[in-house]
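Got the model open in your viewer? Keep the selection box handy, and we'll go from stop to stop.

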Amino acid sequence: MTDKEVDSILKRAAEIPHAVDGAVVQQVSQMVLRSLRPVRPLPSPGVLALGLQVIFIIVAILGATLLGFNGVHVLTGAESALLFWVLGSVARMASSAGAAEMVPGSKTLIDPWILLASCTGVFAVVFLVLFHDFRLDRFVAEGINCLAIGLLDAGTAGFLLWLVLRRGLILHPIAAGVAIGTLAGLAGLGMLELHCPILKAMHLMVWHIAVIPLSGLAGYLAGRLAQDLGRKRRLAEFMQ
């Protein structure tokens, strides 16, 4: 069959009158109109990213304020400058990734999964370069405490970030969850660096860094749950 023959068949089909059942039209209209909700314009992705960064900073500093700024006092000026510059840089990337998921059509600079892996890896390198005390005394006892308070701080950040995130139109809940979970984990890590005076390399590389992937995993699970619930809700509305 040639292209002209296909075009001819389509033209003849278009010329045939089609009677549309009014009941079907009314049913489809009700289904569509029932799902419509009034919306307000979202701020630009840049403004949203700035808001997410503010939450990240406030939660990290507030946590350290409550627990004490013991970590800052044992760091040198060079160590603090490098550590917190890297932290601020990756947090900005995570904020941008999270904001991009809130606004459909926004350009995503980095995949959230790559972001999560990059944040974990870059801090492993930073700690390895800055700190050379590889003692393992009280490794678990000290580490569990830091991991617990780091995750608690990250959980607080994650909840506040979610309150902002839910105001957007999330088309990819899993990607959004990973991005926000990563940013929440960075808030927990930032709090630990401000608070924890332990500068043993393995302590930092294991227990402090663990807050990031665990928070990212929690974000993934939350996004997966939101995606599944959204599908079930849309299916229920369709079946009504």
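Start with what counts as a patch here: its residues have over 30% relative accessible area and no salt bridge, with like charges joined within 9 Å and nonpolar side chains (Val, Leu, Ile, Met, Phe, Trp, Tyr) joined within 5 Å. The salt bridge in that rule is a side-chain nitrogen of Lys or Arg within 4 Å of a carboxyl oxygen of Asp or Glu. Areas come from the Shrake-Rupley method with a 1.4 Å probe, and for residues only the protein chains shown count as cover.

Some housekeeping before you click: this is a predicted model, in which local features need pLDDT of at least 70 and side-chain atom pairs count only at pLDDT 80 or more, while totals for chains, interfaces and linings use all residues. Residues are numbered from 1 along each chain as its sequence is written, and side-chain values use heavy atoms, with hydrogens and water left out.

**Stop one: the nonpolar patch**

Select L50, V54, I58, L62, L66 and L67, and turn on the surface. Together they make a nonpolar surface patch of about 580 Å². Now pick out L62, which sits in helix α3, residues 45-67. (Helices are DSSP runs of H or I with at least four residues, strands are runs of E with at least two, and both are numbered from the N terminus.) Is L62 buried, exposed or partly exposed? Partly exposed, at a relative accessible area of 47%; the scale is buried under 20%, exposed over 50% and partly exposed in between, with a 1.4 Å probe and protein chains only.

**Stop two: H195**

Next, select H195 in helix α8, which covers residues 173-195. H195 is buried, with a relative accessible area of 13%. What does H195 touch, once residues up to four places away in sequence are not counted? Show L67, G68, N70, G71 and I149 to see the answer; contact means heavy atoms within 4.5 Å. You've met L67 already, as one of the patch residues.

**Stop three: R138 and its backbone**

Jump to R138, in the loop between α6 (112-130) and α7 (139-165). Check its backbone torsions: phi is near 55°, a positive value in a residue other than glycine. R138 is exposed, at 56% relative accessibility.

**Stop four: the salt-bridge network**

The structure holds five salt bridges. Stay on R138 and add E142: the two form a salt bridge, with the closest N and O atoms 3.6 Å apart. E142 is in helix α7 and counts as buried at 15%.

Add K200 to the selection. K200 forms a salt bridge with E142, the closest N and O atoms being 3.3 Å apart. K200 lies in the loop between α8 and α9 and E142 in helix α7, so this pair ties together parts that are 58 residues apart in sequence.

Finally, bring in D137. Its side chain meets that of K200 in a salt bridge (3.0 Å, N to O). D137 is in the loop between α6 and α7, while K200 is in the loop between α8 and α9 (201-208), so the pair links parts 63 residues apart in sequence. D137 is partly exposed at 38%, whereas K200 is buried at 8%.

Before you close the session, list the contacts of E142, leaving aside neighbours within four places in sequence: D137, I198, K200 and H203.
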